[in-house]
Amino acid sequence: MNNNSLAFTALCNEYCATLERAAQMDERELVGNMARLLPRIYICAADLKEPTLDEEGYIDGYLQEETYDQIRLSLESVLGEDDTYLEVFESDMKYSDTPIGASLAEGLADLFQVFYNFIETVRDAPDELAAAAINAVHDDFKLVWGQTLTNIMRHIHSIYYNIDE
């Protein structure tokens, strides 16, 4: 793994550890942590580059549904009424006359699932498998979770800079 891949892995680990402690945080601490972590994760993910491999990478699903739900529920509890926000990048939005709501807790938990599964996949993996997992998480970033992350950052910014009002 190159330095950026190692940095990305470390940031994913820090993100997961932060969400695992979310129930002990107040909203300002949680949102502040996310305001600092999410942009760094985005930049590292956008810059991930591993050699092209003969076989496609795969990330196993390690996260249990109960753990996902526990993370999501603790986030909902900490975020309270700030959990829900209007989603403008939903594909169905162009066909809708009414706003589409999204859950910040669910989006953060979805990212937790991606990062948790990635970390578990690369933990103690040989270099070739770790490189394949890096490529897989980067492909998923481009197609799926990168948009989730940017949508969440928009709402995190709004909460963080308006929380005291």
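Author: Let me open with a term we will need: a crossing is left-handed if the near helix is turned anticlockwise from the far one by less than a right angle, and right-handed if clockwise. The model we are looking at is predicted.

Reader: Thanks! Which hand does α4 show as it passes α5?

Author: The crossing of α4 past α5 is left-handed, so the near helix of the two is turned anticlockwise from the far one.

Reader: And why is α4 called roughly antiparallel to α5?

Author: Two packed helices are described by the angle between their axes and the distance between the axes. For α4 and α5 the angle is about 155 degrees, and the axes lie 10 Å apart. The cut-off for roughly antiparallel is an angle over 145 degrees, so α4 and α5 earn the name.

Reader: Which residues make that contact?

Author: From α4, they include Leu-104, Leu-108, Leu-111, Phe-115 and Phe-118. On the α5 side, Ala-130, Val-137, Trp-145, Leu-149, Ile-152 and His-155 are among them. Sorted by class, the contact of α4 with α5 holds 16 nonpolar and 4 polar residues, with no charged ones.

Reader: What makes α1 roughly antiparallel to α2?

Author: The reasoning runs along similar lines. The axes of α1 and α2 cross at roughly 155 degrees and come within 10 Å. With the cut-off at over 145 degrees, α1 is therefore roughly antiparallel to α2. As for the hand, α1 passes α2 in a left-handed crossing. Among the residues in contact are Phe-8, Leu-11, Glu-14 and Tyr-15 of α1, together with Met-34, Leu-37, Arg-40 and Ile-41 of α2. By class, this contact of α1 with α2 has 12 nonpolar, 3 polar and 2 charged residues.

Reader: How do α3 and α4 pack, in angle and in distance between their axes?

Author: Their angle is about 145 degrees, and the axes are 8 Å apart. Here α3 passes α4 in a right-handed crossing, so the near helix is turned clockwise from the far one. Ile-71, Arg-72, Leu-75 and Glu-76 of α3 take part in the contact, as do Leu-108, Asp-110 and Phe-112 of α4, among others. The contact of α3 with α4 divides into 9 nonpolar, 2 polar and 4 charged residues.

Reader: Let me step back. What pattern does the chain follow along the sequence?

Author: It reads α-α-α-β-β-α-α, with 5 helices and 2 strands in the chain. Of its 165 residues, 42% count as buried.

Reader: Which residues have the most contacts inside the largest nonpolar core?

Author: Those are Phe-8, Tyr-15, Leu-108, Phe-118 and Trp-145, in a core of 49 residues. The elements that give two or more residues to this core are α1, α2, α3, α4 and α5, and the largest share, 12 residues, comes from α5.

Reader: What is Tyr-15 in contact with, leaving aside its neighbours within four places in sequence?

Author: Its partners are Met-34, Leu-37, Leu-38, Ile-41, Leu-108, Leu-111, Phe-112 and Phe-115. Across the chain, 80% of the contacts with a separation of 6 or more join residues 24 or more positions apart.

Reader: Why is Val-31 called buried?

Author: Val-31 has a relative accessible area of 1%, and buried means under 20%, so Val-31 is buried. The residue sits in helix α2. Beyond its neighbours within four places in sequence, Val-31 is in contact with Leu-79, Ile-156, Ile-159 and Tyr-160. The C-alpha atoms of Val-31 and His-155 are 9.7 Å apart, although 124 residues separate them along the chain.

Reader: What makes Arg-21 partly exposed?

Author: Its relative accessible area is 41%. Partly exposed covers the range between the buried limit of 20% and the exposed limit of 50%, so Arg-21 falls in that class. Arg-21 belongs to the loop between α1 and α2, and its C-alpha atom is 9.1 Å from that of Ser-74, 53 residues away along the chain.

Reader: How do you know that Asp-124 counts as exposed?

Author: Asp-124 has 77% relative accessibility; exposed means over 50%, so the label applies to Asp-124. Asp-124 is found in the loop between α4 and α5. One more detail for you: Asp-124 has a positive phi of about 60 degrees, although it is not a glycine.

Definitions and conventions
Residues numbered from 1 in each chain as written. Predicted model: local features only at pLDDT ≥ 70, side-chain atom pairs only at ≥ 80, totals over all residues. Heavy atoms only, no water. Core = buried A, V, L, I, M, F, W, Y, C linked by side-chain atoms within 4.5 Å. Buried < 20%, exposed > 50% of the residue type's maximum accessible area, 1.4 Å probe, protein only. Helix = DSSP H or I, 4+ residues; strand = E, 2+ residues; numbered from the N terminus. Contact = heavy atoms within 4.5 Å. Axes fitted to C-alpha atoms, helices over the stretch in contact; angles between N-to-C directions. Parallel < 35°, antiparallel > 145°, perpendicular 65-115°, else oblique. Nonpolar A, V, L, I, M, F, W, Y, C, P; charged D, E, K, R; others polar.
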